[in-house]
Amino acid sequence: MADDDGAQAATDPRMDFFQEYTTRTFKIKPDKWAKFIGADENRAALMDFCEKADLTQLILALNSSGQLQAGDAFPSQSKNKSVYFIKRSKVVLTKTNIKTDILYGDLSYSPLDHLAVLVEDVLVPLLANEQNHGGWPSVVKDDVLKHVNDLKDSVHVLAGQVKGRTYLPMNIDAASLVEATVQGRATDTYNTNLVHDVESVIVHWSKLTNELLERDSSICLTQTSHPGPQVEFDYWKARVANLEGVYEQLNQFKVLKMHEMLVVSTSSYLLSFEGMCRRVEEALDDAEEILIHLKPVSKQLQSIEELDFNEVGPYLPAIMHVLAMTYAHCKAYSSAARIMVILTEISNQIVEQCRTFIGGDEIIRAEPDEALEKMQDSIKVCKMVESSFHDVRQRLQTYFENPEACSPWDFPVADVFRRVRVF
């Protein structure tokens with residue numbers, strides 16, 4: 001029966017339509033399509049899409065192994081582009097209407113980037129072309145241009161946020177800024193509309209940069225279930241890269257001319273803009289300093305991951321020592337809140353290593369003496385985590401050149417070592 005269905009599908013002109021478009025889009029050979037359509041579930045998915053009016057969309061994509069697969073939903077995550085077929089209405093597809101009653105095309109594996117290119121390279125030039133403004137009142141033309149540029153900025157900002165980057169949009173022409181600043185210095189007059197546009201950009205940028213600067217690594221504890229310290233290190237690497245990108249944007253030629261325009265016009269937004277630039281630079285310096293000082297801690301923690309758990313104990317005092325050195329010598333990391341975050345993440349790593357060492361159900365099947373020894377080793381290491389912390393905390397002042405500058409670790413210890421104690 002399956003062979004009969006396969007033969008019927010092979011001669012069905014509707015399947016030829018799917019094959020032609022899919023093989024051309026994915027640049028795959030006919031034999032790969034034959035293998036795909038030969039599978040019962042794939043053939044059924046295509047036939048159901050054609051024969052059942054209620055099924056309105058069909059998605060074909062390449063999986064991680066490079067094989068075609070069919071589905072009725074867009075993939076939430078994919079490293080390859082997909083092909084979609086969507087019915088214009090709930091109809092049964094026949095060989096005569098299949099090309100007219102469906103919409104079909106490619107879906108990028110990165111839809112936001114695809115949308116950004118579409119908006120910037122198609123919509124903006126199309127709507128900005130004065131030849132397409134025939135009969136439009138100037139108010140309508142300006143409003144349309146404003147909205148399409150706002151859309152472009154929003155898409156770029158969102159695409160950047162998805163990648164962990166902050167994009168500062170600006171739709172002001174550099175030539176206009178240069179001309180306005182030269183005129184302002186020569187005649188002591190300036191273009192009020194242009195100044196207003198610059199000030200509006202500053203307000204938007206301030207919001208975006210404030211969101212970035214107020215973000216803290218403690219957010220990792222809420223976004224991830226029981227994160228380890230590697231999450232902390234990755235956070236600071238990403239923060240440095242993001243702040244470097246923002247710093248570079250703020251030092252572009254156009255932005256320097258924006259600053260000059262604010263100076264020439266004695267704008268009340270000048271101090272706000274300079275303060276924003278200064279805070280970004282300071283945040284970048286702090287993030288780079290933290291990343292440098294966390295490298296020794298990272299190496300210590302990576303080294304114990306490679307050990308058997310019963311060998312970890314002697315290394316814990318050294319980890320706490322390096323952490324205290326970081327606290328004492330890295331001004332940007334010298335706060336109890338930051339220490340609480342990384343200690344909680346270290347505790348999570350210890351618990352996960354302990355779980356792996358015990359082995360779950362394996363401990364039940366093990367010999368009693370072996371199981372008891374594992375449990376005793378695990379308890380010993382877990383206790384040593386907290387005892388090493390208390391030892392360093394008691395002599396924390398000795399890590400500072402000026403002991404009076406030391407802020408004690410007086411945070412609730414139970415909150416930090418809760419998982420270790422419960423485990």
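These exercises work through a predicted model, covering surface patches, a buried site, unusual backbone angles and salt bridges.

**Exercise 1. The negative patch**

Task: Find which residues form the negative surface patch, and which helix gives the most to it.

Solution:
- Step 1. List the members. The patch consists of Glu244, Glu248, Glu281, Glu282, Asp285, Asp286 and Glu288.
- Step 2. Assign them to helices. Two helices, α10 (229-250) and α12 (270-305), each provide at least two residues of the patch.
- Step 3. Weigh the shares. The most comes from α12, with 5 residues.
- Step 4. Examine one member. Glutamate 282 sits in helix α12. Its relative accessible area is 44%. Partly exposed covers the range between under 20% and over 50%, so this value falls in that class. Glutamate 282 is therefore partly exposed.

**Exercise 2. A buried valine in α10**

Task: Determine whether valine 246 is buried or exposed, and which residues it is in contact with beyond its neighbours within four places in sequence.

Solution:
- Step 1. Place the residue. Valine 246 belongs to helix α10. That helix also supplies residues to the negative patch.
- Step 2. Read the accessibility. Valine 246 has a relative accessible area of 0%. Buried means under 20%, so the residue qualifies. Valine 246 is buried.
- Step 3. List the contacts. With neighbours within four places left aside, valine 246 is in contact with Thr166, Leu168, Thr209, Leu212 and Val280.
- Step 4. Turn to one partner. Threonine 209 lies in helix α8 (residues 192-213). It is buried too, at 1% relative accessible area.
- Step 5. Check the partner's own list. Not counting residues up to four places away, threonine 209 touches Leu168, Val246, Met276 and Val280. Leu168 and Val280 also appear among the contacts of valine 246.
- Step 6. Take a residue elsewhere in the chain. Leucine 123 is 123 residues from valine 246 in sequence. The C-alpha to C-alpha separation of the two is 26 Å.

**Exercise 3. A nonpolar patch**

Task: State which residues form a nonpolar patch on the surface, and how accessible leucine 118 is.

Solution:
- Step 1. Name the members. They are Leu115, Leu118 and Val122.
- Step 2. Give the area. Together the three have about 220 Å² of accessible area.
- Step 3. Locate one of them. Leucine 118 is in helix α5 (residues 111-128).
- Step 4. Classify it. At 39% relative accessibility, leucine 118 is partly exposed.

**Exercise 4. Positive phi angles**

Task: Find where lysine 27 and threonine 266 lie, and say what each has for phi.

Solution:
- Step 1. Recall the background. Most residues other than glycine have a negative phi.
- Step 2. Take the lysine. Lysine 27, not a glycine, has a positive phi of about 55°. It lies in the loop between α2 (13-26) and α3 (30-38). Lysine 27 is exposed, with a relative accessible area of 76%.
- Step 3. Take the threonine. Threonine 266 is not a glycine either, and has a positive phi of about 45°. It lies in the loop between α11 (253-264) and α12. Threonine 266 is exposed at 65% relative accessible area.

**Exercise 5. Salt bridges**

Task: State how many salt bridges the structure holds, then trace the helices of the pair glutamate 51 and arginine 14.

Solution:
- Step 1. Count. The structure holds 11 salt bridges.
- Step 2. Take the named pair. The side chains of glutamate 51 and arginine 14 form a salt bridge at 2.8 Å, N to O. Glutamate 51 is in helix α4 (residues 40-51) and arginine 14 in helix α2, so the bridge ties together parts 37 residues apart in sequence.
- Step 3. Compare exposure. Glutamate 51 is partly exposed at 40% relative accessible area, whereas arginine 14 is buried at 9%.
- Step 4. Widen the view. Asp12, Arg14 and Glu51 are linked in a salt-bridge network.
- Step 5. Look within α2. Glutamate 20 and arginine 24 meet in a salt bridge at 3.9 Å, N to O. They are 4 residues apart in helix α2, so about one helical turn separates them. Glutamate 20 is partly exposed, at 49%.
- Step 6. Look within α11. Glutamate 260 and lysine 257 form a salt bridge at 3.0 Å, N to O. Their spacing in helix α11 is 3 residues, about one helical turn. Both residues are buried.

Key:
Residues are numbered from 1 along each chain as its sequence is written. This is a predicted model: local features need pLDDT of at least 70, side-chain atom pairs count only at pLDDT 80 or more; totals for chains, interfaces and linings use all residues. Side-chain values use heavy atoms; hydrogens and water are left out. Patches are made of residues with over 30% relative accessible area and no salt bridge: like charges are joined within 9 Å, nonpolar side chains (Val, Leu, Ile, Met, Phe, Trp, Tyr) within 5 Å. Accessible areas come from the Shrake-Rupley method with a 1.4 Å probe; for residues, only the protein chains shown count as cover. A salt bridge is a side-chain nitrogen of Lys or Arg within 4 Å of a carboxyl oxygen of Asp or Glu. Lys and Arg count as positive and Asp and Glu as negative; His and the chain ends are not counted. The place of a charge is taken as NZ of Lys, CZ of Arg, CG of Asp or CD of Glu. Buried means under 20% relative accessible area, exposed over 50%, partly exposed in between (1.4 Å probe, protein chains only). Contact means heavy atoms within 4.5 Å.
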